[in-house]
Amino acid sequence: MTSPLGLYIHWPYCARICPYCDFNVYRARGAESAPLVAAMLADLKAWRERLGPRRLVSLHFGGGTPSLMEPEDIARIIAAADDLFGLVAGAEIGLEANPMEVARFAGIKAAGVERLSIGIQALNDHDLNVLGRDHGRAAAIKAVETAQSLFERVSADFIYARPGQSLRDWQGEWQEALSWGLGHYSCYQLTYEPGTAFTKKAERGAIVPADDDLTADMFTLTQDLGAAHGLAAYEISNHARGDDQRSRHNQLYWTGADWIGIGPGAHSRWGRPLYGGRQGASAVLTPGGYIKGPSQTFEAVTALEDAQERILMGLRLKEGLNRASLRAATGHDVDPEALARFIAQKLLIDQDETVRLTPQGRLYADRLAMELAPAGD
Ligand code: SF4
């Protein structure tokens, strides 16, 4: 059986670079988009030749700031994906939007996008300024209202555990966001990634990161308040009002399905280790290098690496990680000693061959996943 296939489109430009961001992004500075779109279309054609006939279940425009794309370019990429691969009926077509591009939302919808996720991040001007965002509270709210009037499926993204943010501050904001009645929210903890401006500031004491206890309390509040509003987390950081509102594209990553990526720095994974092998590809990071080509480099993903990725991702899901599926795909299982230890510590449950995090275990998801992953030879 062939796994569902998704297409990720990475638009690498942003109006300005946020100080906490470690994505593959570049200042837009009047960048010419035509050569990049042409390179993406050529890359997509090469993917079709490489993979043979497959239909797409999802398209996701991420970045960067894909709402900076011209709607005509969005429409061209959707049309090319449909011509080359074919979209299944009801395929998800999602795009990540900056509230500042609210004037383009109608054009983005007309181009064929049906799910918009808006990078709200915070609901007060002070914190938005600290986060280096170019929008304020008023623009955030206007963007949500506009998106709600245009799109059936809208998600709002937030960042919590900001410098100086109290539990009460976050509770007020999260409650207000939930009162909008959207079908989906993503709430991420602010992390300090190596090399970012925020990390350098934290190292010299110019900002004070939230401590672990406060961050854990904010996480638990996020989960509890979300659940109380009918939006229990279906993935550690993602809350949906029913299955229809889930991000189907992101679920491809979390369940070890197949996806291909176009645009600078995009990643791809397809195939299963025990059925002809799993392959990976990474697109060239810089827009200039990507346009010049060759745009992709390829690598075989070993069964062990695939098992490690499936454990890291699958454990984050409400449904948990099915060990029988893991073994069927990779020939590997979770580490039995770590599994027994985490069950005894009430961080995990293992029921019907499915490993799930307990509410307490969710606080340590990545560490548990690393210890559960089988080790190399
Ligand atoms: S807008 Fe998003 S992708 Fe762009 S710099 Fe900010 S956080 Fe990174």
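Hi everyone, let me start where the two halves of my story meet: domain 1 and domain 2 bury about 810 Å² between them, and 55% of that area is on carbon and sulfur atoms. Please keep in mind throughout that this is a predicted model.

So what are the two domains? Domain 1 covers residues 5-251, and domain 2 covers 314-377. Ten residues of domain 1 and eight residues of domain 2 take part in the contact. If you look at the C-alpha centres of domain 1 and domain 2, they sit 28 Å apart.

Now for the polar side of that interface. How many salt bridges cross between domain 1 and domain 2? There are two salt bridges across it. Let me show you R246 and E319, which form a salt bridge with their closest N and O atoms 2.8 Å apart. As for residue pairs in polar contact between domain 1 and domain 2, the count is five, with both residues at pLDDT 80 or more.

Which elements of domain 1 give two or more residues to the side that touches domain 2? They are helix α8, residues 212-228, and strand β9, residues 233-235. The biggest giver is α8, with four residues on that side of domain 1. By type, the residues on the domain 1 side split into five nonpolar, three polar and two charged.

Let me move on to a small sheet. This one is open, has three strands, and runs in the order β15-β17-β16 with antiparallel pairing. The edges belong to β15, at 321-322, and β16, at 348-351, each of which pairs on one side only.

Take the two pairings in turn. Strand β17, residues 354-357, pairs with β16 over four bridges, in the antiparallel sense. If you want to follow the register, L348 has L357 in β17 as its bridge partner, and I349 stands opposite R356 in β17. On the other pairing, β15 and β17 run antiparallel and are joined by two bridges. There, N322 has T354 of β17 as its bridge partner.

And what links β16 to β17? The two strands form a hairpin with two residues between them, and D352 in the turn has a positive phi of about 50 degrees.

That brings me to some backbone details to click on. As a reminder, most residues other than glycine have a negative phi, and most peptide bonds are trans. Another positive phi belongs to Q121, near 70 degrees, in a residue other than glycine. Where does Q121 lie? You will find Q121 in strand β6, residues 115-121.

Then there are the cis peptide bonds. One joins G63 and G64, with omega about 20 degrees. G64 is in the loop between β4 (56-63) and α2 (71-84). A cis peptide bond also joins G293 and P294, where omega is about -5 degrees. P294 has its place in the loop between α10 (287-292) and β14 (296-301).

Let me finish with charges over the whole structure. In general, side chains of opposite charge can pair when their charged atoms come close. How many salt bridges does a search of the whole structure find? The search finds 25 salt bridges. One I would like you to look at is between the side chains of R162 and D127, at 2.8 Å from N to O. Why is this pair worth a click? R162 lies in the loop between β7 (153-160) and α6 (167-179), while D127 is in helix α4, residues 125-130, so the pair ties together parts that are 35 residues apart in sequence.

That is my tour, and I am happy to rotate the model to any of these places. Thanks for listening!

Conventions. Residues numbered from 1 in each chain as written. Heavy atoms only, no water. Domains from an automatic or database assignment. Contact = heavy atoms within 4.5 Å. Buried area = accessible area lost by both parts, 1.4 Å probe. Salt bridge = Lys/Arg side-chain N within 4 Å of Asp/Glu carboxyl O. Polar contact = N/O pair within 3.5 Å; in protein donor to acceptor, adjacent residues only side chain to side chain. Nonpolar A, V, L, I, M, F, W, Y, C, P; charged D, E, K, R; others polar. Pairing = 2+ DSSP bridges.
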